[in-house]
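I opened the notebook on this model to look up its surface, its fold and the surroundings of a few chosen positions. My entries follow in the order in which I looked.

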Amino acid sequence: MLMPLPATLRRLVREYETLLAEETLAGETAPSPALQDLAYTLCVSTGTREVTQALEVASAYLGTEEIWPEPLTPMENRGAAAEARTPETSVG
C-alpha cells in the first residue's frame with residue numbers, strides 16, 4: 001500500500017485534530033463537511049475505513065504517539081488549506 005509523505009500525513013492529522021477541537025468547543029453536534037472530508041482523506045491515506053483507525057495507523061507510521069506538536073490556530077489552518085489547494089511548481 002502506498003503511504004503519503006510523513007509531512008503530508010502529519011499535516012492532515014493536525015488539521016483534523018484542530019478542526020475537531022474547534023467544533024467540539026463550539027458545541028457542534030454533527031461534524032462539518034470539512035471535518036468529514038479530512039476524516040475521509042485520512043482513511044484513504046492510511047488504507048482504513050474508520051478515522052480512529054486512521055489516526056492509529058498514522059501514529060504508528062510516523063513512529064510517535066504524539067504526532068502533532070500543537071493544534072493549528074484558525075489562521076494557520078486556513079493557510080494550510082489554501083496551501084493544499086495551490087498547485088506545486090517545479091524549479092529549474
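I began with the surface of this predicted model, where the protein exposes about 6500 Å², and I noted that carbon and sulfur atoms supply 57% of that area. Turning from surface to interior, I found that buried residues account for 30% of the 92 residues in the protein.

Next I looked up the secondary structure, and I recorded 4 helices and 0 strands, which, read along the sequence, give the pattern α-α-α-α. For the contacts in the protein between residues at least 6 apart in sequence, I noted that 61% join residues at least 24 apart.

I then went to L12, which lies in helix α1 (residues 6–25), and asked whether L12 is buried or exposed. L12 has a relative accessible area of 7%, so I entered it as buried, the cut-off for that word being under 20%. Setting aside residues up to four places away in sequence, I listed L38, T41, L42 and S45 as the residues that L12 touches. I also looked up the pair L12 and A58, which are 46 residues apart along the chain and whose C-alpha atoms are separated by 9.7 Å.

From that list I followed S45, which sits in helix α2 (residues 33–46). With a relative accessible area of 14%, S45 is buried as well. Which residues is S45 in contact with, leaving aside its neighbours within four places in sequence? I wrote down L2, M3, P4, L9 and L12, so that the contact between L12 and S45 appears in my entries for both residues.

How values were computed. Residues are numbered from 1 along each chain as its sequence is written. This is a predicted model: local features need pLDDT of at least 70, side-chain atom pairs count only at pLDDT 80 or more; totals for chains, interfaces and linings use all residues. Side-chain values use heavy atoms; hydrogens and water are left out. Helices (H or I, at least four residues) and strands (E, at least two) are DSSP runs, numbered from the N terminus. Buried means under 20% relative accessible area, exposed over 50%, partly exposed in between (1.4 Å probe, protein chains only). Contact means heavy atoms within 4.5 Å. Accessible areas come from the Shrake-Rupley method with a 1.4 Å probe; for residues, only the protein chains shown count as cover.
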